[in-house]
Structures are given as C-alpha cells and as structure tokens.
Amino acid sequence: MADAARASVRQRDLIDTAPAFTQADADRLNARFAGVDGGVMLAELFAEGSLGRVAVVSSFGTESAVLLHLVATADHTVPVIFVDTLKMFPETLTYRDTLTDLFGLSNSSVVEPDAAVLAAKDENGLRWSWDPDGCCEIRKVEPLARAKKGLDAWISGRKAFQSVTRENLPRFEIEDGRLKINPLGNWTKDDLETYFDLHDLPRHPLEAQGYLSVGCVPCTSVVKPGEDPRAGRWRGWDKTECGIHTPGAPDVANEGELPPGYEPVF
Ligand code: SF4
C-alpha cells in the first residue's frame with residue numbers, strides 16, 4: 001500500500017482547490033510592507049481579510065513563542081496548527097498548552113500521521129532508527145502537507161539566519177499557489193532573544209537542560225557547549241532537517257546546510 005498510498009496523496013495534492021496567489025501578489029505585498037514592523041503587518045493583513053484561509057504552523061519548539069505571540073497580538077483567533085508526530089516530548093505538549101492559554105489562541109488544532117500509513121510503514125514505531133528520512137516523511141511532511149491543503153496562505157517561523165539564502169528570504173513567497181508569510185524572515189537570533197525578554201515569554205521547558213532545538217524524542221539530544229544549536233538533532237546521522245522542502249528545490253540537506261525550503265517549524 002505504501003507506494004499506492006503515497007501516489008494517492010500526491011494526486012490529491014495536484015487537484016488542490018486553494019485559490020492561487022501569484023508571484024505578482026507576493027511582490028506587491030513585499031513592496032507594500034517593506035520596512036514595516038512584522039506585528040503591524042500581520043495586524044493589517046488580518047484586519048483586511050485578504051489572506052483567505054490562513055493559519056500558523058508551529059512546532060512549539062524553543063523559538064516558537066515569538067511568532068505565536070506576534071500572531072496572537074494581531075489576532076488571537078487565527079488558526080494555529082501543530083503537527084504531532086506522536087514522538088513528541090511531553091514537555092513540548094505541555095509548552096503548547098501553556099502558550100495556547102497564555103496567548104489566548106482560540107483556534108488551535110493538531111494534525112497527526114495517518115494511522116494506516118503508520119501501520120504499514122512504521123508498525124513498531126522504530127522507523128526513525130533505520131530510516132529517519134522516511135520516518136519524517138510519514139510523521140511530519142505528509143501530515144503538514146495535508147493540513148496545508150485547506151489553506152490559501154500560511155505563516156511560517158522561518159528565519160533568514162537559518163538559511164543559506166539569508167539575504168534573499170522574502171517576507172512573502174509563493175509555494176504551490178499558496179502564500180507563505182515569513183514575519184520573522186529578517187530577524188536575527190538577538191532579535192528573538194530581545195523579544196523573549198521584552199515580553200517575558202516562557203521558555204520551552206527543555207531549553208534550560210541544554211536542548212537548544214527540540215524535535216522528536218528519539219532524534220533530539222542535548223547540545224554541548226560550542227556546538228551549533230541544531231547539533232542535537234539527528235545526532236549521528238548525516239541529516240540536518242526533516243525533509244520539508246520547497247517543491248522542486250534540490251535536496252542539499254546532506255551538505256550540512258539548511259535547504260532553501262527549510263521550515264524550522266520542526
Ligand atoms: S524527527 Fe525522528 S522520530 Fe521525528 S519524524 Fe523525524 S525521524 Fe521520526
């Protein structure tokens with residue numbers, strides 16, 4: 001069923017009925033909001049209702065509170081989607097509930113891996129140990145793609161400093177006819193830390209224990225002093241991200257850099 005199921009999923013993607021934003025729309029928005037504060041930008045967009053069906057996708061990781069606070073401040077009713085791989089730390093689930101309550105996020109939902117796909121491809125839950133790419137595909141990539149099928153636009157926590165294309169990361173991009181919004185696109189690590197302090201945002205419970213980037217339990221470890229913040233992810237594997245790429249983008253994950261379509265929601 002494996003290949004047939006995947007083919008079926010991809011076929012349904014092809015007939016997605018989401019209204020198509022165009023590159024011209026993204027260009028216009030980039031010009032309109034050039035130099036405008038990200039929170040002000042979101043508030044204007046939400047107020048005018050021009051984004052159609054829009055949602056935030058969040059992993060409730062160590063930096064997620066910033067984007068969620070920005071969005072909630074602009075409009076706390078904007079949907080928030082959490083992809084639960086069913087391999088999450090209990091602390092992440094607690095943090096999700098904490099932020100949801102604290103920010104008054106009133107429209108949060110969870111998307112999970114397809115049970116039939118899990119039964120077929122990861123029956124014993126150990127696929128991560130011999131095929132982490134395949135595990136991420138069925139536990140993260142497919143559920144997120146499924147969640148986005150109902151959206152016209154989505155808000156990402158992607159930051160330019162995490163990408164090899166940092167100076168080229170626009171605030172508005174087009175991906176499969178959907179508008180992808182990167183409110184934190186030009187933020188630096190220092191900007192994030194300042195925002196945490198300024199708004200007294202709670203930290204992920206595991207951060208103080210040395211987990212600087214938090215993903216799934218089997219694939220996350222403590223980062224040692226001097227290591228890259230993401231060194232604790234997939235330690236021992238030649239793998240740096242979860243496989244969520246811009247369609248058609250080359251896979252450069254194994255080159256030690258984050259690919260152009262990298263989404264740090266995980
Ligand atoms: S991070 Fe690990 S456990 Fe989570 S989906 Fe990827 S391979 Fe599986």
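## Nonpolar cores

In this predicted model, the largest nonpolar core has 38 residues, and those with the most contacts inside it are Val 54, Ala 55, Val 56, Leu 68, Val 71 and Ala 153. Two or more residues each come from helices H3 (38-48), H4 (64-74), H5 (90-103) and H8 (189-198) and from strands S1 (54-58), S2 (80-83), S4 (153-155) and S6 (178-181). H4 gives the largest share, seven residues. A second, separate core of seven residues includes Met 88, Ile 138, Cys 216 and Cys 219.

A nonpolar core is a set of buried Ala, Val, Leu, Ile, Met, Phe, Trp, Tyr and Cys residues joined through C-beta atoms within 7 Å. Buried means that 20 or more other C-beta atoms lie within 10 Å of the residue's own, with C-beta atoms placed from the backbone. Helices (H or I, at least four residues) and strands (E, at least two) are DSSP runs, numbered from the N terminus.

## Strand S6 and its partners

S6 pairs (at least two DSSP bridges between strands) with S4 in the parallel sense over three bridges; Ala 153 stands opposite Leu 179 in S6. Strand S5 (residues 172-175) runs antiparallel to S6 and is joined to S6 by four bridges, with Lys 180 as the bridge partner of Glu 173. Two residues lie between the strands of the S5 and S6 hairpin, where Asp 176 takes a positive phi near 55 degrees.

Arg 178 and Lys 180 point one way from S6, Leu 179 and Ile 181 the other way, and all are buried.

## Basis of the model

Residues are numbered from 1 along each chain as its sequence is written. Local features need pLDDT of at least 70 and side-chain atom pairs count only at pLDDT 80 or more, whereas totals for chains, interfaces and linings use all residues.

How values were computed. A residue is buried if 20 or more other C-beta atoms lie within 10 Å of its own, exposed if 12 or fewer, and partly exposed in between; C-beta atoms are placed from the backbone.
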